[in-house]
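I am keeping these entries as I go through one model, writing down what I looked up and what came back.

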Amino acid sequence: MDSITPYAIPENREISEVEWELIRAMISLENTIPLEDIDDYKVIGRCGCGSCPTIFIGHDGDFEKIGKSKGILIDAIGETKNGHSVFATFYLHEAEIIEFEINYYTGLGEYELPMPSSLNIAK
Ligand SMILES: [Zn+2]
């Protein structure tokens, strides 16, 4: 049987405190969207790989929008507490954030999140 990795796996939960901390830190880098615009967002999916911390955020019913358009709102780079470099990127669906991708330069055995204070705009 073929196993094809999906782009996203549906998930339905609140955004965690740690995730909010990162989201706020990302937004403060650019101040492009008011936080009030997304304060009722939830996690609507996770990365199809099933193991990295990339999440999809939005409202109920937004899952079908995932992967449809790929504008970038904020492209940042940060570090984990163990010194690993991490890309942190907000992707848009139309004008709304839908994907918060956390990506690594090198494959790590275990995924760690970047420290919010370490995030900077990627040059
Ligand atoms: Zn992944």
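**Entry 1: one loop residue.** My first query was this: does H84 count as buried, exposed or partly exposed, and why? The model is a predicted one, and in it H84 has 15 C-beta neighbours inside 10 Å, so it counts as partly exposed; for a buried residue the count would have to be 20 or more, and for an exposed one 12 or fewer. I then located H84 in the chain and found it in the loop between β4 (71-79) and β5 (85-93). I also took its separation from P6, which lies 78 residues away in sequence, and the C-alpha to C-alpha distance came out at 26 Å.

**Entry 2: the chain as a whole.** I listed the secondary structure and got one helix and seven strands for the protein chain, in the sequence pattern β-α-β-β-β-β-β-β. For overall dimensions I looked up the extent of the C-alpha trace along its principal axes, which is about 40 × 35 × 25 Å. The radius of gyration is 14 Å, and this agrees with the compact-globule estimate, because a globule of 123 residues would have a value near 14 Å. Buried residues account for 21% of the 123 residues. Of the contacts between residues at least 6 apart in sequence, 65% connect residues at least 24 apart.

**Entry 3: the helix.** I checked the length of α1 (residues 17-30) against the expected rise: 14 residues at 1.5 Å a residue should span 20 Å, and the end C-alpha atoms are 21 Å apart, which agrees. Which residues of α1 are buried? The lookup returned L22, I23 and M26. Viewed down the helix axis, the buried residues of α1 fall within an arc of 100 degrees, so they line one face. I noted the general background here: an α-helix has 3.6 residues a turn, so residues three or four places apart point the same way. On the face turned away from the buried side, α1 carries the exposed residues E17, R24 and S28. The cover over the buried residues of α1 includes β4, β5 and β6 (96-104). Just after the helix comes N31, and its phi is positive, near 50 degrees.

**Entry 4: the sheet.** In what order do the strands of the sheet stand? The seven strands form an open sheet in the order β1-β2-β3-β6-β5-β4-β7, and the pairing is antiparallel. β1 (8-13) and β7 (120-121) are at the edges with a single partner strand each, so one side of each has no neighbour in the sheet. The helix α1 packs on this sheet, touching β3 (55-58), β4, β5, β6 and β7, and its direction makes about 110 degrees with that of β4.

**Entry 5: pairings, from one edge to the other.** I started at β1, which is hardly covered, since the count of buried residues among its six residues is zero. β1 pairs antiparallel with β2 (residues 42-47) over four bridges, and there A8 has C47 as its bridge partner. Further along, β3 and β6 run antiparallel and are joined by two bridges, with I55 opposite F100.

I then moved to β5 and β6, which are antiparallel and joined by eight bridges, including the one in which Y91 has E99 as its partner. These two strands form a hairpin with two residues between them, and in that turn E94 has a positive phi of about 50 degrees.

Eight bridges also join β4 to β5, again antiparallel. Among the partners I looked up, G78 is bridged to V86 and I74 to F90. The hairpin of β4 and β5 has five residues between its strands, and G83 takes a positive phi near 85 degrees there; this brought me back to H84, whose place is in the loop between β4 and β5.

At the other edge I looked up β7, which pairs with β4 in the antiparallel sense over two bridges. Which residue stands opposite I77 in β7? It is N120, and with that pair I closed the list.

How values were computed: Residues numbered from 1 in each chain as written. Predicted model: local features only at pLDDT ≥ 70, side-chain atom pairs only at ≥ 80, totals over all residues. Rg over C-alpha atoms; globule rule 2.2 N^0.38 Å. Contact = placed C-beta atoms within 7 Å. Expected span 1.5 Å × (residues − 1). Arc of directions from axis to C-beta. Pairing = 2+ DSSP bridges. Axes fitted to C-alpha atoms, helices over the stretch in contact; angles between N-to-C directions.
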